[in-house]
Amino acid sequence: MIMTKPLDGIRIIDFTHVQAGPACTQLLAWFGADVIKVERPGSGDVTRNQLRDIPGADALYFTMLNGNKRSLTLDTKKPQGKDILEKLIKMSDVMVENFGPGALDRMGFTWEHIQELNPRMILASVKGFSDGHHYEDLKVYENVAQCAGGAASTTGFEEGPPLVSAAALGDSNTGMHLAIGILAALHQRNKTGKGQKVSAAMQDCVVNLCRVKLRDQQRLDRTGVLEEYPQYPHGKFSDVVPRGGNAGGGGQPGWVLKCKGAPADQNAYIYFTIQEQAWEATCQAIGKPEWAKDPAYCTAKARQDKIFDIFAYIETWLADKSKFEAVDILRKFNIPCAPVLTMKEVANDPSLRASGTIVEVDHKVRGKYLTVGSPIKFSDLKIEVTESPLLGEHSDQVLTEMGYSDHYISELHTNHVI
Ligand code: CAO
């Protein structure tokens with residue numbers, strides 16, 4: 001049986017850099033697309049050089065976002081470079097870009113021109129803000145998007161400043177949204193034969209993940225309080241959603257609780273959730289069976305004004321248990337919980353290794369490195385994560401496949417077009 005991949009036969013021009021665009025195209029490469037990363041000769045994606053840990057080797061930022069791709073250097077501002085890009089557009093299915101606003105147009109590749117070259121082409125763009133937005137001219141990085149999307153104002157503790165998350169809500173998250181848009185456009189093209197422009201703005205994609213906070217704003221407007229927030233019932237609310245610390249966002253209260261070794265060990269904590277339907281089991285687990293039927297404790301409403309006293313008691317129960325021992329006990333009682341894992345623990349987690357979510361890749365210059373594999377698993381596809389390409393590693397190969405002669409390719413080298 002010949003093994004095929006979902007995106008076999010789809011050629012993608014990867015005109016992306018930094019994280020949002022590269023995360024999108026790497027995902028599509030894992031699914032089988034031929035992803036050709038087009039980079040500026042001499043320098044390439046700026047992340048090849050930033051925060052290098054091994055002199056002379058592409059930085060981990062680059063290697064971890066550009067696996068499974070080929071690299072073609074091309075100066076698309078030179079006439080010969082433009083000609084080659086035009087030919088590549090005619091031969092490809094998708095072009096993904098995340099340049100600053102207007103850069104692609106200034107290069108001469110407007111959506112109208114791309115459509116003339118290839119009506120089947122799907123042009124997929126990441127920008128900081130959506131078209132027509134009053135900030136549409138702004139260049140945007142991760143934390144800018146987290147602030148503009150409502151995430152920062154609702155993250156952190158009440159007494160502290162707005163806080164950004166370590167999770168790439170603006171970058172990789174937008175890349176994943178864009179990938180979904182591309183797959184939908186490919187599906188539609190199968191029926192209509194026509195491509196289209198797909199856009200994902202980083203602010204919009206952060207807002208999409210902050211849906212629950214928009215819910216809270218409307219609840220607050222109506223009732224003046226948010227009963228699952230630590231400010232309730234003893235603190236004060238203003239007219240905007242406050243920072244909720246480690247509170248759970250749904251109907252079941254939760255918090256990060258200290259275990260044996262904390263706070264000296266800054267990560268000796270678990271996340272503990274009090275689920276209404278598991279209250280009796282929770283009381284059994286933490287050695288307070290008498291709370292199960294006590295009217296002062298046995299409903300979520302009754303517990304509201306003493307939820308932090310309950311968490312404080314659970315911390316006394318946790319004081320002689322490591323975070324792993326605690327979870328091993330609590331899991332038997334069906335309590336939603338997990339240890340707070342460090343990145344070192346994530347990197348070495350045997351289950352993450354076994355599932356292919358953390359993978360070791362061998363790179364021809366830097367040697368072995370860890371990266372995050374596909375979080376999406378398929379029954380009929382084993383995703384192989386391969387090394388990122390060196391700058392221009394596949395230029396000659398791609399140009400030969402496009403029909404250019406060796407003589408012309410060597411002229412392009414001489415003229416620094418590739
Ligand atoms: N050949 C010739 N020129 C090239 C080229 C190539 N192969 N590739 C890129 N360029 C040129 C572009 O045409 C552009 O030129 P002009 O500005 O003269 O028209 C120039 O390189 C710079 O592009 P840029 O504006 O994208 O780059 P920047 O480093 O100044 O900004 C970033 C980076 C990320 C802030 C900006 O690209 C951006 O806002 N992107 C959209 C939002 C986004 O994706 N941000 C997430 C990044 S991940 O944190």
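Begin by selecting the ligand together with the residues around it: 24 residues surround the ligand, and the closest are Arg40, Gly100, Lys139, Val140 and Asp171. Bear in mind throughout the tour that this is a predicted model. If you colour the shell around the ligand by residue type, you will find that its residues divide into nine nonpolar, six polar and nine charged.

Next, show the side chains of Lys77 and Asp171 as sticks. An N or O atom in the side chain of Lys77 lies 2.8 Å from an oxygen atom of the ligand, and an N or O atom in the side chain of Asp171 is likewise placed 2.8 Å from a ligand oxygen. For Phe99, display the backbone as well, since a polar backbone atom of this residue is 3.4 Å from a nitrogen atom of the ligand. How much of the ligand does the protein bury? Taken alone, the ligand exposes 950 Å², and the protein buries 84% of that.

Now zoom out and switch to a cartoon of the whole protein, whose secondary structure comes to 17 helices and 11 strands. The C-alpha atoms fill a box of roughly 85 × 45 × 45 Å when it is taken along the principal axes. Of the 418 residues, 46% count as buried, and among contacts between residues at least 6 apart in sequence, 64% join residues at least 24 apart. If you turn on the surface, its accessible area comes to about 21100 Å², of which 56% belongs to carbon and sulfur atoms.

Hide the surface again and look inside. In soluble globular proteins, nonpolar side chains tend to be buried together. The largest nonpolar core in this model has 39 residues, and those with the most contacts inside it are Ile12, Leu28, Val94, Val96, Leu178 and Ile182. Several elements each supply at least two residues of this core, including helix H1 (20-30), strand S4 (94-97), helix H7 (172-192) and strand S10 (358-363). The largest share, six residues, comes from H1. Select Leu28 and its surroundings: leaving aside neighbours within four places in sequence, Leu28 is in contact with Leu7, Ile12, Ala33, Ala179, Ile182 and Leu183. Apart from this core lies another, of 29 residues, among them Phe99, Ala103, Leu123 and Val417.

From the cores, move to Ser92, which you will find in the loop between helix H3 (79-91) and S4. Is Ser92 buried or exposed? Ser92 counts as buried because its relative accessibility is 4%, which falls under the 20% cut-off. Its side chain reaches the backbone oxygen of Leu88 at 2.7 Å. Not counting residues up to four places away in sequence, Ser92 touches Arg11, Ile13, Asn118 and Met121.

The last stop is Ala247, placed in the loop between helix H9 (211-223) and strand S7 (254-258). Ala247 has a relative accessible area of 25%, and is therefore partly exposed. If you select everything that Ala247 touches, apart from residues up to four places away in sequence, you will highlight Glu228, Pro230, Gly254, Trp255 and Tyr271. Finally, draw a distance between the C-alpha atoms of Ala247 and Ala296, which are 49 residues apart in sequence and 22 Å apart in space.

Methods. Residues are numbered from 1 along each chain as its sequence is written. This is a predicted model: local features need pLDDT of at least 70, side-chain atom pairs count only at pLDDT 80 or more; totals for chains, interfaces and linings use all residues. Side-chain values use heavy atoms; hydrogens and water are left out. A nonpolar core is a set of buried Ala, Val, Leu, Ile, Met, Phe, Trp, Tyr and Cys residues joined through side-chain atoms within 4.5 Å. Buried means under 20% relative accessible area, exposed over 50%, partly exposed in between (1.4 Å probe, protein chains only). Helices (H or I, at least four residues) and strands (E, at least two) are DSSP runs, numbered from the N terminus. Contact means heavy atoms within 4.5 Å. A residue is near a molecule or strand if one of its heavy atoms lies within 4 Å of it. A polar contact is a pair of N or O atoms within 3.5 Å; within protein, one must be able to donate a hydrogen and the other to accept it, and residues adjacent in sequence count only if both atoms are side-chain atoms. Accessible areas come from the Shrake-Rupley method with a 1.4 Å probe; for residues, only the protein chains shown count as cover. Ala, Val, Leu, Ile, Met, Phe, Trp, Tyr, Cys and Pro count as nonpolar, Asp, Glu, Lys and Arg as charged, and the others, Gly among them, as polar.
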